[in-house]
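Ready for some ring-spotting? Work through the exercises below with the structure open beside you.

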Amino acid sequence: MSQSFTFIDIAGNQAQYTVWDKDLHDEFHWSTDHGDHGVASAFADAQLRARTVLKDSMAANRRSDEAARISQYSVRWRSH
């Protein structure tokens, strides 16, 4: 069985992650809709790891988007 959660970053972007119940090796597997995955020894730890990965990934995407917008603005400003 698994539980899915929605993570919302400070910019309001949303992403999903899932944590599965303990397996035969007493581990909790987790994955994100960004394609990341891992294993933890406790359910709460699996949640924390998934959220941390999503937070970092979403922050990197925001920085990339902001850099692209700044670049577009400066190209328009210089062309006038």
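Buried means under 20% relative accessible area, exposed means over 50%, and partly exposed lies in between. Keep in mind that this is a predicted model.

**Exercise 1.** Decide whether phenylalanine 5 is buried or exposed, or in between.

*Solution.* Start with the value: phenylalanine 5 has a relative accessible area of 21%. Buried requires under 20%, so phenylalanine 5 counts as partly exposed.

**Exercise 2.** Find how many aromatic pairs the whole structure holds, and describe the one formed by phenylalanine 5 and phenylalanine 43.

*Solution.* A search of the whole structure gives 3 aromatic pairs. In the pair of phenylalanine 5 and phenylalanine 43, the centres are 6.4 Å apart and the planes meet at 65°. Planes over 60 degrees apart count as edge-to-face, and that is the class of this pair. Now place the partners: phenylalanine 5 sits in strand S1 (residues 2-8) and phenylalanine 43 in helix H1 (residues 43-79), so the pair links distant parts of the chain, 38 residues apart.

**Exercise 3.** Classify the pair of phenylalanine 28 and phenylalanine 43, and compare the burial of its partners.

*Solution.* Phenylalanine 43 is partly exposed, at 22% relative accessibility. Its ring centre lies 5.9 Å from that of phenylalanine 28, with the planes at 85°, so this pair is edge-to-face. Phenylalanine 28 belongs to strand S3 (residues 28-32), 15 residues from phenylalanine 43 in helix H1. At 11% relative accessible area, phenylalanine 28 is buried.

**Exercise 4.** Name the residues that ring pairs link into a cluster.

*Solution.* The cluster consists of Phe5, Tyr17, Phe28 and Phe43.

Methods: Residues numbered from 1 in each chain as written. Predicted model: local features only at pLDDT ≥ 70, side-chain atom pairs only at ≥ 80, totals over all residues. Heavy atoms only, no water. Phe/Tyr/Trp six-rings, centres within 6.5 Å; stacked < 30°, edge-to-face > 60°. Helix = DSSP H or I, 4+ residues; strand = E, 2+ residues; numbered from the N terminus. Buried < 20%, exposed > 50% of the residue type's maximum accessible area, 1.4 Å probe, protein only.
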